[in-house]
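Colleague: I should like to go through this structure step by step, with a reason given for each reading. May we begin once the sequence and the model are in view?

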Amino acid sequence: MSAVFDAIIGILRDSGFMGFFADGGWKNLVMIGVACFFLLLAIHPKFQFEPLLLLPIAFGMLLANLPGAGMYHPEIWDTSNPVFWDAAGHLNAGDVLKQGGLLDILYLGVKLGIYPPLIFLGVGAMTDFGPLIANPKSFLLGAAAQLGIFVAFVGALALGMTPQEAGSVGIIGGADGPTAIFVTSQLAPHILGPIAVAAYSYMALVPVIQPPIMRLLTTKKERAVKMEQLRTVSKTEKIIFPILVAILVSLLLPDAAVLVGMLMLGNLFKESGVVDRLAKTAQNELMNIVVIFLGITVGATTTGTTFLNFNTLKIVAMGMAAFAIGTAGGVLLGKLMYILTKGKINPLIGAAGVSAVPMAARVAQKVGREENPNNYLLMHAMGPNVAGVIGSAVAAGVLIQMLG
């Protein structure tokens, strides 16, 4: 009987449960609770906030905070030393030598900047740049909506963050999760978890955050403006556009070439009409696989020691400010264009200049129809919306070039 009792005690002593009683173990327990809350937001029918990314992020968070599981080792990555495999098959980072877990290996796709460009490839294959080509003024609205990035950057510096951390916080204002992850992995990988959670949380809350800002900055008359139908864009224009944008942006901002280049390659797959299999693969199989790997590994970076601190609160607050200011910047430029065109442009489409495609465009459509049931702003809003995707990638290149 004593031997059985000793065996049970031994099993409990060696189990992960004892990790919760170790120094800082309570943080892991809290993060497991946070992960379960995010899983609820992703799965419950009343919420379903960005489930395609929130669910794997939450489960990665859960796995990384299970004591003893050994799937992710933050100490490998929290170092300025380069990480490599040694001859014995260990992950080696200076003085840190570990047998890498599954999530450590998958995290290399984030560390090396592989996953975000591949997601841009899939986004490009699903994007129609027709509304942007038909109304080039949309580029200005997409650019104006990036205002939040640079205002939040200055604000984060004022809060005592390093320039690299401030750049990573600011990019949340672009409302583009892969771009935020890409910039942060290059500039401040130690805050990748909070940045990713904040970025995707605000993307999911676009229908909640944007409408009050849009109503505050516009009048009922402006919101009711009915815009003229866009012209038809030829196939030739749609083929030339991604090639031209890739060349110009890459020459002007080489650091943005990887994101913009993959975005335009995916779009060329779609618009050329000669590689249908590649376009479908980029849209579906490849996109889904990369989203799983990206989500679960980004979630794994949110361990208790890295997530539960005052810096995370600053990131969440400044990320919210970045997103709100970006929305306001687009709407205010839309108001200016409304005045200059003598009421031909509805300012609401400026709010779609953030990169949350197509959710931000749908919000502009919904708010516009509340004032005028016969108002159809969706296609007009898609112009600034896809311009915002390009704009956030360009802003990422600027930040990396300045701070990298």
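**Questions on the predicted model**

Modeller: V367 counts as buried, because its relative accessibility is 2% and the limit for buried is under 20%. This comes from a predicted model.

Colleague: In which helix is the place of V367?

Modeller: V367 has a relative accessibility of 2%, so it counts as buried. The element that holds V367 is helix α21.

Colleague: How far apart in space are V367 and A257, C-alpha to C-alpha?

Modeller: In sequence, V367 and A257 are 110 residues apart. In space, their C-alpha atoms are apart by 35 Å.

Colleague: What is the mean pLDDT of the protein chain?

Modeller: Of the residues in the protein chain, 95% reach a pLDDT of 70 or more. The mean pLDDT of the chain is 91.

Colleague: In which helix of the protein chain is confidence lowest?

Modeller: Confidence is highest in helix α17 (residues 276-283), at 98. At the other end of the scale is a helix with a mean of 65, covering residues 2-14. Where pLDDT is low, the predicted coordinates should not be read in detail. The helix with the lowest confidence is α1.

Colleague: Which residue forms a salt bridge with R223?

Modeller: The closest N and O atoms of the pair are 3.1 Å apart, and a salt bridge requires them to be within 4 Å. The partner of R223 is E371.

Colleague: How many residues apart in sequence are the parts that R223 and E371 tie together?

Modeller: The salt bridge joins R223 and E371. R223 lies in helix α14 (residues 220-223) and E371 in helix α21, so the pair links parts of the chain that are apart in sequence by 148 residues.

Colleague: Is R223 buried or exposed?

Modeller: The relative accessible area of R223 is 9%. The limit for buried is under 20%, so R223 is buried.

Colleague: Which residue of helix α21 meets K366 in a salt bridge?

Modeller: The N to O distance in this salt bridge of K366 is 3.2 Å. Both partners lie in helix α21, four residues apart, about one turn of the helix. The partner of K366 is E370.

Colleague: Which residues are joined with K366 into one network of salt bridges?

Modeller: K366 is exposed, because its relative accessible area is 53%, whereas E370 counts as partly exposed at 39% relative accessibility. Salt bridges that share partners join K366 into one network with R215 and E370.

Colleague: How many salt bridges does a search of the whole structure find?

Modeller: One more salt bridge is that between the side chains of E237 and R231, at 2.8 Å from N to O. Both of its partners count as partly exposed, E237 at 27% relative accessibility and R231 at 43%. For the whole structure, the number of salt bridges found is nine.

Colleague: Which residues lie nearest the centre of the largest pocket?

Modeller: The largest pocket holds about 810 Å³ of space, and its lining has 28 residues. At least two lining residues come from each of α3, α6 (115-126), α12 (192-204), α18 (285-300), α21 (359-371) and α22 (378-403). Nearest the centre lie E50, V123, M126, M287 and V357.

Colleague: Which peptide bond is cis, with omega near -10 degrees?

Modeller: The bond leads to P358, a residue in the loop between α20 (310-340) and α21. It is the peptide bond from V357 to P358.

Colleague: What is the phi of K342?

Modeller: K342 has its place in the loop between α20 and α21, and it counts as exposed because its relative accessibility is 77%. Its phi is positive, although K342 is a residue other than glycine. The value is near 55 degrees.

Colleague: Where is Q48 found?

Modeller: Q48 is not a glycine, yet it has a positive phi of about 50 degrees. At 43% relative accessibility, Q48 counts as partly exposed. Q48 is found in the loop between α2 and α3.

Colleague: Which residues form a nonpolar patch on the surface?

Modeller: One member of the patch is F47, found in the loop between α2 (25-43) and α3 (51-64). F47 is partly exposed, with a relative accessible area of 35%. Together the members have about 270 Å² of accessible area. They are F37, L40 and F47.

Technical notes:
Residues are numbered from 1 along each chain as its sequence is written. This is a predicted model: local features need pLDDT of at least 70, side-chain atom pairs count only at pLDDT 80 or more; totals for chains, interfaces and linings use all residues. Side-chain values use heavy atoms; hydrogens and water are left out. pLDDT is the predictor's confidence in each residue, from 0 to 100. Patches are made of residues with over 30% relative accessible area and no salt bridge: like charges are joined within 9 Å, nonpolar side chains (Val, Leu, Ile, Met, Phe, Trp, Tyr) within 5 Å. Accessible areas come from the Shrake-Rupley method with a 1.4 Å probe; for residues, only the protein chains shown count as cover. Buried means under 20% relative accessible area, exposed over 50%, partly exposed in between (1.4 Å probe, protein chains only). On a 1 Å grid over the protein atoms alone, a cavity is a set of points where a 1.4 Å probe fits but cannot get out, and a pocket is an open set with protein on both sides within 12 Å along at least five of seven lines; lining residues have an atom within 4 Å of a point. Grid points are joined across faces, edges and corners, and a volume is the space filled by probe spheres set on the points.
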